[in-house]
Structure formats: C-alpha cells, structure tokens
Amino acid sequence: MPPKPCALCLKSRAMIKRPKTGQQICRDCFYYVFETEVHNTITEAKLFKPGDKVAIGASGGKDSTVLAYVMKTLNERYQYGLELFLLSIDEGITGYRDDSLETVKRNQQQYDMPLKILSYDELYGWTMDAIVSRIGRKNNCTFCGVFRRQALDRGAAMLNVDHIVTGHNADDIAETVLMNIMRGDIARLGRCTSICTEGEDTIRRSKPFKYAYEKEIVMYAYFKKLDYFSTECIYSPDAYRGHARAFLKDLEAARPSAIIDIIHSGEAFEVKEEIKATQKVQQTCQRCGYMSSNTLCKACTLLEGLERGMANAGITDRGTKQLLQVQQSEVTAPENLRTIPFFNKPFAASGSVDSPIIIESTS
Amino acid sequence: MSTSCGNPAVEEDALMMRKAKFDRSKQCVKCKERQGNIVIRHAVYCKPCFFPLIVARFRKTLEPVVNPKPDGPRKKGLKASGSLVIGFSGGVGSTVLLDLVAKSYFHAPSGDEENAKPRGGSAHPRNLTGKDSSIWKGIPAVCYIELSGVVPGSMDKIEEARKIVEKYSVQEGSFSFDFIPVRIEDAFNEAWWAELEGVDLSTAARSLGIDIADEFIPLSNLPSSSTATSTPLEALQNYLSSLPTQTAKESAIQTLTRMLLLYTAASRNASHLLLGTSLTTLSINLISGISQGSGFSVNEEAYEEWTHQPRSLGAESGGVPSKVRIVRPLRDVGSKECGFWMWWCHLNAVGKKRLASGKQSIVSLARDFIMGLEQDFPSTVSTIARTCAKVTPKQKSDTTCILCERPAQHDAQEWKARISIRSYCDEAFKDSGHPLPPHLNEFPQGKEIAHNGSSLLATKLCYACHTTFTSRSSRGNMTGKGGDHSISNVIPLPTWTLTTVESEILASRKLDRKDMRKQIQDFILDE
C-alpha cells in the first residue's frame with residue numbers, strides 16, 4: 001500500500017493517527033495543530049495580557065513539562081509578551097518528588113526560566129513522608145491535594161506573579177465532570193469546566209491544556225524528546241478518581257471523542273439559580289487568611305488535626321466535630337501547635353509578600 | 001484471626017465482617033411491625049408497605065404534570081388536555097409502568113387487601129377507574145416498538161407484547177388499551193409517515209440523503225441503487241451500518257425509538273407519553289448522554305415537552321402545534337424495586353435480545369458501569385440523577401435538532417472547529433490569520449467546499465447527533481462503507497427529518513435563483 005499523505009498538509013507522509021480527531025497526519029502538522037489549538041484556547045478565553053507575569057506549575061511530569069515548552073514557544077511565536085516562571089511544590093516524598101524536581105531543574109536550564117521551589121516542610125512543617133508515617137496511606141491524597149493548592153498560591157505570591165497556569169488536560173477535566181456528577185458535588189461541577197478560576201483574593205489560575213488530550217501530550221513530549229519524569233506517586237492514587245478514570249478510559253477506547261464530548265456537556269450546563277442560593281458563601285480563614293468555606297480553612301483543619309494527633313479532622317464529619325469540641329474546651333490554643341503563615345493578598349502592597357523572592361539560580 | 005467457634009475447618013471468608021446492607025434492624029421502617037422483605041437504599045420495607053411506597057413515588061412524579069397548568073398548593077382533580085400513550089418496550093420498567101397505570105387509573109384496585117377500600121370513597125374523582133376514569137381523553141394506548149429488524153437473531157415479539165397488554169382488558173367494564181405495534185424500520189417508511197402525518201414526500205426528497213463522510217453533512221442524492229427498490233428495513237439497515245461507531249448505532253436506535261413513540265403519540269392527540277425509565281435507567285441515560293456530548297439536553301432525560309408541528313399541507317393553514325409531555329413516572333424507582341414489583345405481582349416481561357456490543361459502545365459501557373454501581377453503591381445511582389436535576393442549560397436554545405427534535409445550541413460547530421483543527425482550508429481557520437506551519441511555504445489548496453450553505457445539515461443538528469454521524473472509532477476502518485473519509489458515504493434520513501428538510505431547505509432553495517444560475521451558467525448561451 002502506498003504511504004498515505006498527511007490529511008492536513010496533503011504533502012508529507014502521514015506518521016501518526018491523531019487521538020483527538022482520528023486523522024492521519026504528519027509529525028510537523030501534529031506539532032503545529034497541537035500548539036495552535038492551545039493558542040486558540042488562550043486567545044478565546046483572553047487568558048493573558050502583555051506584560052503579565054505567569055508562573056507555570058511544574059511537577060516535572062509530562063503535562064507541566066510540555067506546558068512549559070509550549071508556553072515558551074507560543075509566547076515567542078505570537079509575542080504574548082509574558083514573563084514566564086516555573087513554580088514547583090516539593091511535597092517531600094522521598095524517591096518520587098526529589099527525583100522529579102531534578103527534572104524541573106533541568107527544564108529550568110533548558111527553557112531558561114526562573115524557578116521557585118516551595119516545600120510543604122517550609123510552609124506546613126510537615127512533609128508527605130511524615131504525614132503518611134503518621135496517618136498511613138488512607139486519605140493521604142486529601143492532605144496532599146489541599147496542601148498543594150494553597151502552596152501553589154503562596155508560591156505564586158512569593159514570585160509576585162499575576163497568573164498560575166497548570167498542566168490539567170482534557171482527560172483530567174472530563175474525569176472531574178464525571179466524578180462530580182457521581183458524588184453530587186454540585187459546587188465543583190459548576191466550575192470544573194471553567195478554563196480560568198479566580199477568587200477575590202487568590203491569583204488567577206488557568207488550564208491552557210483544557211482541550212488537549214493526554215495521549216497527544218505524551219505524543220508531543222515523545223516526538224519532541226522532552227525531558228520529563230514519568231513515575232506514578234509512590235503513595236496510592238485516589239481510589240475514587242481511579243474508578244472514574246478507568247471508566248473514562250473505556251469510553252475513550254469506545255469512541256475517542258468522548259473526552260471532548262464530556263467537556264462540551266459540562267460546559268453546556270450550569271447550576272440552577274435556586275440551588276446556587278443554598279450554597280455556602282466563600283469567606284476567609286480566620287487563622288491563615290486563605291479562602292475558605294468555613295471559619296477555618298481545610299488546610300488549617302487538616303494541619304491542626306495532624307498536630308494534635310487527630311488525623312480524621314477535616315476528613316470525616318465526626319473527626320471535624322471532635323476537633324471542634326477540643327478547640328471549644330480550651331481557653332487558649334497550645335503554643336506548640338504549628339500553623340500556616342498568614343496569607344497576604346497578592347499585590348496588596350509591594351512589600352507585603354510572604355517572603356522575598358528566592359529563586360534557584362540557573363547554574 | 002479469631003476462630004471463636006472452635007471449628008478449624010471454617011472458611012476464612014465466613015469470618016469476614018460484611019458491611020450491613022441496611023441501617024438499623026430488619027424491621028420495616030414504615031409500619032415498624034413486620035419483618036422486612038426488601039432493602040431499598042439501606043432502608044428495610046415489608047412486602048405490604050412496599051406497594052404503596054412505589055405507588056406513591058409513581059404518582060408523585062406523574063400527577064403534578066398531568067394538568068396543563070400546575071395546580072399550585074391546592075390539588076384539584078386531574079384533567080389532561082389530551083389522550084394517553086404508554087411507551088412499552090417489554091422490559092422490566094415499562095412492564096411495571098403499564099401495571100401501575102392500569103391499576104392506578106383504569107382498573108379495579110390491585111387486590112391488595114389493605115388498599116381495597118379507596119380513600120375518599122369510590123365516587124371520589126381520584127378513585128374513578130376503568131372507562132369512568134376521565135383524566136385523559138379518548139382510549140389510552142400502548143405503543144410497542146419492535147426492534148427485531150436491528151438486533152441480529154432476535155424474534156418478532158409483537159404478539160407476545162400484545163398478549164401482555166390484553167391482560168389488562170376488563171370484560172365487564174369493556175375497557176382495553178389500544179395496542180399499537182410499530183416497527184423501528186417505520187422511521188424510514190413513507191407509507192407509515194403518510195398515514196400518520198398526512199404528508200407525501202416529494203420525489204426530490206425521497207432521493208435525498210446525507211453524506212456523513214463530510215463534517216458539514218451536506219445533503220446529497222442517494223445512490224440510485226438504494227432508492228429504487230429499497231424497503232424501509234433496508235433503508236434502516238443501510239443507515240445503521242453506515243454509522244461510524246457502535247455507540248452511534250445504539251444511540252441512533254434510541255433516538256429513532258423515541259421519535260416513533262412521539263409521532264405515534266401526536267397522531268392520537270396525546271398530551272402525555274409515559275415511559276418506563278427507572279431511576280437506574282435514567283442514570284444510565286444521563287451518563288451515556290453526557291459522554292456523547294448531550295449535556296445541553298440533560299434536563300430532557302428526566303422530563304421533556306415536545307412540540308408537534310403539523311406537517312400536512314391542509315394542516316399548515318389551520319394546524320396548531322400541540323405539546324406532548326414525556327413523563328418518566330418511575331424515575332424515582334430503582335430497577336431492583338421494579339424487579340420486585342414484577343416478581344410479587346407475577347408479571348412477565350417480553351424476553352428480548354439486546355445488541356451485544358460489550359465494551360465497544362458508550363451506551364453499554366454506561367449501562368454496565370451503573371449496574372455495577374447499583375449493586376455496590378446504591379446511593380450513587382440516585383446521586384447521579386439528583387445532581388443532574390440541579391443543573392440547567394447555560395444558554396437559551398434558539399434551534400431544534402432536525403433529527404432528535406430536542407433543543408440545540410447554535411454554536412456547536414464553531415466550538416468543534418476551534419478546539420480541533422481538522423483542515424487548513426476551512427473558512428474559520430483561514431480567517432484567523434494563523435502563521436504558516438514551519439514546514440510549509442503555503443497552505444495547501446484543498447478542494448473547495450462547493451456546498452450550498454443552506455444544504456449543510458451540520459448546523460441544523462444538535463452536538464450529540466452531529467457527533468453520532470461524524471465521530472470515528474480509533475480502531476481501523478470503522479466508518480462502515482466510508483472507511484476512507486475522502487469517499488462519500490451517503491445515508492438515508494428518517495421521514496420526519498426529510499419532511500423538515502423538504503419544507504425548510506428545499507423550499508428555500510427554490511427561491512435562490514442566483515445559486516441555480518451559478519450551477520448552470522456554463523451551459524447558458526449569451527443572448
């Protein structure tokens with residue numbers, strides 16, 4: 001059989017079958033359409049304006065490595081005028097995060113971007129290794145997820161950036177839509193397909209890979225020979241998410257457009273007004289100043305639970321109640337309890353960031 | 001491990017603590033007297049309490065939407081604006097629905113001793129039964145859609161279904177449901193359509209199909225071989241076998257079934273079409289629909305109002321659009337409860353074969369997934385339905401899909417084009433002014449799209465129906481005859497879509513003389 005020409009340029013030989021469209025295209029056209037689609041996502045949602053300082057949440061994994069590469073490429077090609085930074089969170093997982101951070105450090109040199117690493121140990125006084133040794137593997141992903149979200153915002157505040165971009169891809173978003181429907185999380189269902197989220201006092205956060213298939217990200221990294229770290233976290237993945245992911249993979253195998261179709265569905269609906277009215281109003285954590293739906297934010301609750309040896313606080317309703325009872329029975333909180341430093345609103349004043357910018361040198 | 005019984009031969013599993021399937025005790029939560037017989041989402045019920053529970057859920061869903069206008073806080077009598085049609089597939093849900101409707105509105109009470117004395121006396125409007133029941137106008141009908149034409153190796157079950165429906169006839173009360181058998185291939189049957197809607201398709205419309213190898217889905221003439229001798233069954237089989245995926249095939253069957261039921265209901269001036277969708281089936285439909293991109297019509301899965309537009313020429317002048325409400329009164333009743341109702345009432349379902357598609361289709365994947373959930377996490381199934389009831393479409397719909405006749409979004413095609421570039425020759429891509437790919441000196445000159453804008457059906461379909469026609473499988477040549485996307489793949493259209501095409505597109509094309517002249521200008525000599 002003669003070689004098939006690329007379905008897009010009709011010239012070069014088709015080398016890959018595009019997971020998203022099923023078209024057989026050449027490698028160069030694949031790079032081009034992949035990057036152009038990310039550019040379309042960015043421009044359609046008006047994510048940036050010239051001069052913006054943007055932190056790329058970098059874990060060393062495929063998504064963030066490709067994101068850093070593509071952001072740099074597009075910034076030059078379309079002259080976005082962005083100042084790009086790499087921001088990494090060190091959860092403190094020996095044999096996993098310390099290795100992946102080495103990849104991020106190499107990326108820093110390859111892409112010539114400043115890098116900031118912020119550790120859980122520095123911020124919360126606990127590494128994930130220490131947390132797992134205290135609470136076991138059950139629910140450890142809850143701690144990690146809650147702590148990471150806040151750590152990224154705090155790291156971004158330290159870098160004094162306007163915007164954080166993360167490597168969440170189409171598969172992640174489709175999976176979240178399904179998961180939120182299955183567990184009835186109406187608040188998250190309403191916002192999980194938004195490309196950009198911004199609280200009153202948090203930094204804009206967006207997902208330029210919202211419509212990029214995970215398979216295409218891997219394909220891009222593979223053909224571009226990008227340097228990334230591909231090991232799964234050594235502490236077990238979230239079981240519930242794993243359930244939804246397995247189902248999504250089956251759907252994708254049956255019809256590859258399922259991923260994008262689920263996102264389209266998620267974008268088509270919103271929470272009814274009368275239901276919105278019953279949802280909790282966002283407030284500020286009394287202890288650390290971060291956004292919260294209760295007087296104490298989730299991270300502070302989890303941290304206090306860890307400090308007091310009550311690991312279920314913030315995990316189960318019962319655990320949270322027990323913590324509340326202990327708090328109410330005390331006149332003043334014990335002094336040796338470690339707490340999270342107060343979160344100052346970004347850009348409130350030039351000198352009000354948590355700490356001076358300490359950026360790893362490009363050596 | 002403790003072996004307190006002292007028996008060393010005991011199996012390890014026998015000592016495992018099994019999670020209790022119910023909350024407190026084995027006593028019925030309702031009467032608090034009898035020992036329970038069934039566990040419904042962790043709550044225990046005894047058999048006598050089970051029946052009123054299901055009846056209450058059934059009525060609670062159906063009765064608020066019977067009257068044309070909601071009653072407000074004070075409940076008045078039930079009076080529908082039209083007749084009643086029940087969609088009967090022969091499955092568990094619709095068998096229970098038929099039984100419930102017959103016993104609740106058209107029959108003597110179920111024989112259940114406790115319910116023998118109707119509340120408010122037998123003269124109370126709520127308790128009028130059989131021919132006295134005046135909730136719906138005319139004779140209620142049961143419509144059965146025979147799918148043997150599309151399920152390989154399955155038998156014709158029309159007579160079996162008829163017998164089940166006839167069991168509800170009451171000799172002394174001279175009551176019986178009208179039984180209306182419809183075959184799935186009637187979706188392509190011009191005679192059926194003419195009888196129902198009084199519309200004769202024109203010769204031009206009869207030869208029309210759509211080319212699904214093209215993303216824009218242009219109208220195209222069917223190959224002459226497939227129009228001249230084609231029977232409705234052949235047209236249906238041609239339609240289904242040309243669809244690109246197994247998902248598309250199953251979803252197309254669901255859409256055709258729904259539309260056949262709706263047009264049958266409209267032909268009987270029905271105000272209500274009742275379907276036996278259980279809570280479990282509703283959750284399956286929701287997850288399956290969302291996975292196929294029909295999030296915009298997520299509310300329609302639970303309850304919808306369909307507007308019937310009279311099509312015949314005579315009706316055009318005086319025909320008033322009518323509304324059919326599609327109600328799923330069992331949407332709060334799980335499939336397990338339906339199964340128990342059947343078992344305890346000694347009902348039989350029409351045993352039918354399903355399309356065996358395993359992991360190849362989203363519809364069956366969703367079914368397997370939800371059925372698995374129902375066994376292990378019964379609350380998740382109801383959570384799915386409850387969550388979906390809390391959302392609403394973001395934008396108002398200004399169009400209706402010409403295939404499934406559900407509300408559609410107008411910008412679905414632009415969305416698709418933006419998030420995945422499929423051609424460098426598209427107008428949208430050209431207009432966006434993207435720089436050239438580094439390996440090209442110029443954009444390729446692809447074949448110009450020579451379609452007349454009005455004859456492209458892509459813009460007249462909802463996202464999910466467009467995806468059904470165009471989304472391909474990842475495996476090999478799954479596009480049926482059109483494995484090679486450059487070869488056209490023209491398939492026939494169901495009669496209602498053809499009629500819409502004829503009235504909306506062909507009629508408007510007639511007026512477009514400029515376009516006509518453009519097509520023939522090479523053959524016109526200068527005057």
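**Exercise 1. Which residue of β4(A) does A:Ala55 stand opposite?**

Solution. The model is predicted. Work outward from one residue pair.

Step 1. A:Ala55 stands opposite A:Phe85 in β4(A).

Step 2. Now take the strands. β3 (residues 53–57) of chain A and β4 (residues 83–90) of chain A run parallel. They are joined by 5 bridges.

Step 3. Add the helices. Helix α2 (residues 62–77) of chain A packs on the sheet and touches β3, β4 and β6 (163–165) of chain A. The direction of α2 makes about 155° with that of β3(A). Helix α3 (residues 97–111) of chain A also packs on the sheet, touching β4 and β5 of chain A. Its direction makes about 170° with that of β4(A).

**Exercise 2. Give the strand order of the sheet in chain A, then name its edge strands.**

Solution. Read across the sheet, then look at its two sides.

Step 1. The open sheet has 6 strands, in the order β5-β4-β3-β6-β8-β7 (chain A). The pairing is mixed.

Step 2. β5 (115–119) and β7 (196–197) of chain A are the edge strands. Each pairs on one side only.

**Exercise 3. Classify A:Glu307 as buried, partly exposed or exposed, and place it in the fold.**

Solution. Start from the neighbour count.

Step 1. Within 10 Å lie 18 other C-beta atoms. A buried residue needs 20 or more, an exposed one 12 or fewer. A:Glu307 is therefore partly exposed.

Step 2. Locate the residue. A:Glu307 lies in helix α13 (residues 298–308) of chain A.

Step 3. List contacts, setting aside neighbours within four places in sequence. A:Glu307 is then in contact with A:Leu337 and A:Arg338.

Step 4. Check a pair distant in sequence. A:Trp126 is 181 residues from A:Glu307 along the chain, and their C-alpha atoms are separated by 9.5 Å.

**Exercise 4. Describe how the two domains of chain A meet.**

Solution. Go from bounds to contacts to composition.

Step 1. Chain A divides into domain 1 (27–279) and domain 2 (280–343). Taken over C-alpha atoms, their centres are separated by 27 Å.

Step 2. Count the contacting residues. Domain 1 of chain A contributes 18 and domain 2 of chain A contributes 14.

Step 3. Assign the domain 1 side to elements. α4 (120–124), α5 (128–135) and α6 (140–159) of chain A each give two or more residues to the side that touches domain 2. α6(A) gives the most, with 6 residues.

Step 4. Sort that side of domain 1 by residue class. The split is 8 nonpolar, 7 polar and 3 charged.

Definitions and conventions
Residues numbered from 1 in each chain as written. Chains lettered and ligands numbered in written order. Predicted model: local features only at pLDDT ≥ 70, side-chain atom pairs only at ≥ 80, totals over all residues. Pairing = 2+ DSSP bridges. Helix = DSSP H or I, 4+ residues; strand = E, 2+ residues; numbered from the N terminus. Contact = placed C-beta atoms within 7 Å. Axes fitted to C-alpha atoms, helices over the stretch in contact; angles between N-to-C directions. Domains from an automatic or database assignment. Nonpolar A, V, L, I, M, F, W, Y, C, P; charged D, E, K, R; others polar.
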